[in-house]
Amino acid sequence: MLLYLLITCLSFFFFAKSLSLPLWASKTKTLRSFYFSKNFFTNILFPTTPDLASPVLGQMSILDLPDLPLDCILELLPPSGLCSMARVCSSLRERCVSDHLWEKHLKTKWGKILGPSAHKEWQCYLSSPYHLDSPHHQTSHHGLTKIISLIRSLSLILRDDNHRRRHPSSIPFDSTMSFYLSLETGRFWFPAQVYNRENGHVGFMLSCYDAELSYDTHTNTFQARYPPHGRRAIAVEKDVTWERIRAAPLDASPHHLYVSDSLNELKPGDHIEIQWRRNKEFPYGWWYSVVGHLESCDGNLNHCQCHISAEMMVLEFNQYTVGSRWRKTMINRRDHREKGNEEDGFYGGIRKLNCKEDIEMWKRLWPSSILE
C-alpha cells in the first residue's frame, strides 16, 4: 500500500514539472513579486505610526512599558505634549499631571523670576475664591483641548462659570501643573521686581521696584502693576520684557527698612544696592550705586583707609552728571538708619552685591547718556 502511494506521488510530481505555465500566469507571478517587494520598501521608507487606541490583538501600547521607561518618555515632553498625553486615558492623565514632571518646566521657564514671595502669594491665591475662575479647572475633553490650544497658540481661554461648575477639575488646583498654567494664562498676578520701571522713565533709571506681574502669551511680555505712591493711583506698565524682571531678593514689604549687615566690610569700589523712596508714603525701590572714596583720600587703593578708620561712607551714583545733587550721598556705617528729607528723598538699607551676574545686569541697563 505504501509502495503504491509513493509511486503515485512521484508520477504526479514529474508530470507537473513537465508542464509550462501560460504567459498570463508568469506575468501574474511577476506582478505579485513586484507588489510584495514594493510594499516591503514602502514600509521601510514610510513606516506607519501605530494607533494607541487600536484594539488589534497583540499590538503593544505605550501603557505596556515599564514605569521607568514611561516616566523617561514623559519627562522629555514639553508642556503641550504632557497636556496631549493627558487626553489619552485616565492612567496617563494621572501621570501627566504629577508634580515631578511639571516642576522641571516651572523652574526652566519661571524659576528666575519667582521668589519666595511669589510662592507665598500662590498659596494665598489657592485659599481665595479667585482660583475657581481659572480656565484650567475643567475635566472635559474640550477643557483639556483648550488648554493645549492655549499653550500652542499662546491665547487666553476664558470659560463661563456655569460650564465650569458642571465639570469639576481633574487637575488638582494646588498642583505644580496648576501653578504653571495659571502663570502661562496670565490669570495669576505674582510679585516680582522690575528694572527701570515705567518704560525707562528718566526718574527711575538704574532702579528696581516691586510690582505685581501678569504674563501676556500673545506678546511674550508682562503687564506690571506698581503699588500706589502716596495719593497717586496704581501705575500700570505694559510690554515689560523678561530681561527687566527679577525675583525679589528679600521676602519683605517694600515699605520696610532693610537692616544692613555688611556696612563694616564695605570698601571703595564695592557694588551695592540701596533703598530709596521719594517720601514716607512711598514704597522703597532698590538703586544701584558704588562705594566711593572720602574727600580726604587720594583714591590710591594701596594707601586707602576709607573702610578702616572712617565712620562715614560715600556712595556714588555715577549715572548722574558731576555736580548733580543725586551724584553722591554719605551715610554713617556705624549707625545707619533711614537718612534724608522731603526734598532729596530718603535713603534706606544697603545690600552688597557679590554676584557678578547681578552687577552685569546693572551695567547692561546703564543709560546711553549721563543724567542731570
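Here is a short chat about one helix and some salt bridges in a predicted model.

Tutor: Residues are numbered from 1 along each chain as its sequence is written. In this predicted model, local features need pLDDT of at least 70 and side-chain atom pairs count only at pLDDT 80 or more, while totals for chains, interfaces and linings use all residues, and side-chain values use heavy atoms, leaving out hydrogens and water.

Student: Why is the contact between Asp67 and Arg95 called a salt bridge?

Tutor: The rule asks for a side-chain nitrogen of Lys or Arg within 4 Å of a carboxyl oxygen of Asp or Glu. For Asp67 and Arg95 the closest N and O atoms are 2.6 Å apart, so the pair fits.

Student: How do you know that Glu343 is exposed?

Tutor: Exposed means over 50% relative accessible area, buried under 20%, and partly exposed in between (1.4 Å probe, protein chains only). Glu343 has 55%, so it counts as exposed. Its salt-bridge partner, Arg325, has 45%, so that one is partly exposed.

Student: And what makes Asp335 and Arg337 a salt bridge?

Tutor: Their closest N and O atoms are 3.5 Å apart, so they pass the rule too. By that rule the count comes to 18 salt bridges.

Student: Which residues are buried in helix α12?

Tutor: Ile359, Met361 and Trp362. Seen down the axis of α12, the buried residues fall within an arc of 155° (taken from the directions from the helix axis to the C-beta atoms), so they line one face. The face turned away from that side carries exposed Lys356, Glu357 and Arg364.

Conventions:
Helix = DSSP H or I, 4+ residues; strand = E, 2+ residues; numbered from the N terminus.
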